[in-house]
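Me: Could you take a close look at one part of this model for me? I would like to hear how a pair of packed helices is arranged.

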Amino acid sequence: MSNYVDEVIELVIKQNPGEPEFHQAVKEVLNSLRPVIDANEEKFRRDALLERIVNPERQIKFRVPWVDDKGQVQVNSGYRIQFNSSIGPYKGGIRLHPSVNFSIIKFLGFEQVFKNSLTGLPIGGGKGGSDFDPKGKSDREVMAFCQSFMTELCKHIGADTDVPAGDIGTGAREIGYMFGQYKRIRNLYEGVLTGKGLSYGGSLARTEATGYGLLYIVEELLKCKGDSLVGKTAVVSGAGNVAIYAIEKAQQLGAKVVTCSDSTGWVYDPDGIDVAALKEIKEVKRARLTEYKNYRPNSEYHEGRGVWTIKCDIALPCATQNELNLDDAKALVANGTKVVAEGANMPTTLEATEYLQSQGVTFLPGKASNAGGVATSALEMSQNSERLSWSFAEVDAKLKDIMVNLFHNIDNAAKKYGFEGNYVVGANIAGFEKVVDAMTAQGIV
């Protein structure tokens, strides 16, 4: 075994101090790629392949001044990481959350490179965002921020350059304000953002895509094991887009989902989560889960964390990074959980992932299992380029095909290198090989 991987990891830590999330993502990916890297070490070293793949092509930070409803000027930081464009224009969401910094955006952008590669679609990896928090802000304040944010961001993006999408804190409202400002400044009506409203170039099934895609890949995994979702009990964390539509599709496919959560607490509903109630609370009222009991008196609401203590067959973390830790993983194993599939980006800590795998739990990493969102964003780009709008059924069918093919690609890659059943290794290798082929063909750039 060569030291090349260790050298590059050390270099990343040295060059990017104080960025633990980015360090974690690089370690997880590069360590799982050792079989491929060892087999090609001489060539990769000569071309500084790993040094190039862990360094963004471009990282942008800018100030975002805006005026609140009291007339006070507020200033936030804006970010865009354009990580790798070897297989297509940069593609990745815009996250609006107080936790956003370079480390968060770089880890997300790095993961996005391989996730986008796995979809089989021609999109590179990028990510962006701001430490602005849309919660508690008026529509006018959100618009003021979004217009200021886009005034700078528009200099760096375009339909064939970089196509951002939504993410945590960036929903239809925010995308609409950003698109309007882009169009106003650039005088271009193009598919520069995805997740747009249906009246101005958005795609049907985009809202549902990440959650639905998560269940399509889990369904295919179980099918290949001679099993199905019918009769299974699942626990889900989160109560945003991904969680809501993961719950909806899981229950359509015959599973019973008994939990969901938000930043203040979690719900246990032994009769199965009422998706209509959840949508009313989160999508219409934008309220907290404390209200769920008003709709389902037999449910339980608990403050804090606790989703992973509930007995289940399948666990679907759909909230945020590093939400499932080693103690949570031990609780899942003790309760007989058979499958953990990530709906969020890197929601499972490295220690928890390794423990789950060591205990025989089938683990599907987010760069594969939550790729349905970006896959459907790429389908939105295609529709925009063609000036077409496909039906919900057409988009949903394409999404399912992408997720089924994605599962078989990561499964085959894991088998090829002697890691059958290790989908972390399989996903990283399958995504990496395509990016490396493209980078090599395009020379030292």
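Reply: Happy to help; here is a walk through one helix pair, followed by a threonine that touches a residue of that pair. The model is predicted, so local features need pLDDT of at least 70 and side-chain atom pairs count only at pLDDT 80 or more, while totals for chains, interfaces and linings use all residues. Residues are numbered from 1 along each chain as its sequence is written, and side-chain values use heavy atoms, with hydrogens and water left out.

Two packed helices are described by the angle between their axes and the distance between the axes. The axes of helix H9 (residues 209-224) and helix H10 (residues 241-252) cross at roughly 40° and come within 7 Å. Helices here are DSSP runs (H or I, at least four residues), numbered from the N terminus. Axes are lines fitted to C-alpha atoms over the stretch in contact, with angles from 0 to 180 degrees between N-to-C directions. H9 and H10 are therefore oblique to each other (under 35 degrees is roughly parallel, over 145 roughly antiparallel, 65 to 115 roughly perpendicular, and the rest oblique).

On the H9 side, the contact (heavy atoms within 4.5 Å) includes Thr210, Gly211 and Tyr212; on the H10 side, Val242, Tyr245 and Ala246 are among the residues involved.

Now for the threonine: threonine 376 lies in helix H16 (residues 372-386). At 0% relative accessibility, threonine 376 counts as buried (under 20% relative accessible area, 1.4 Å probe, protein chains only). Among the residues that threonine 376 touches, not counting those up to four places away in sequence, are Arg206, Ala209 and Leu399.

Terms used. Helix = DSSP H or I, 4+ residues; strand = E, 2+ residues; numbered from the N terminus. Buried < 20%, exposed > 50% of the residue type's maximum accessible area, 1.4 Å probe, protein only.
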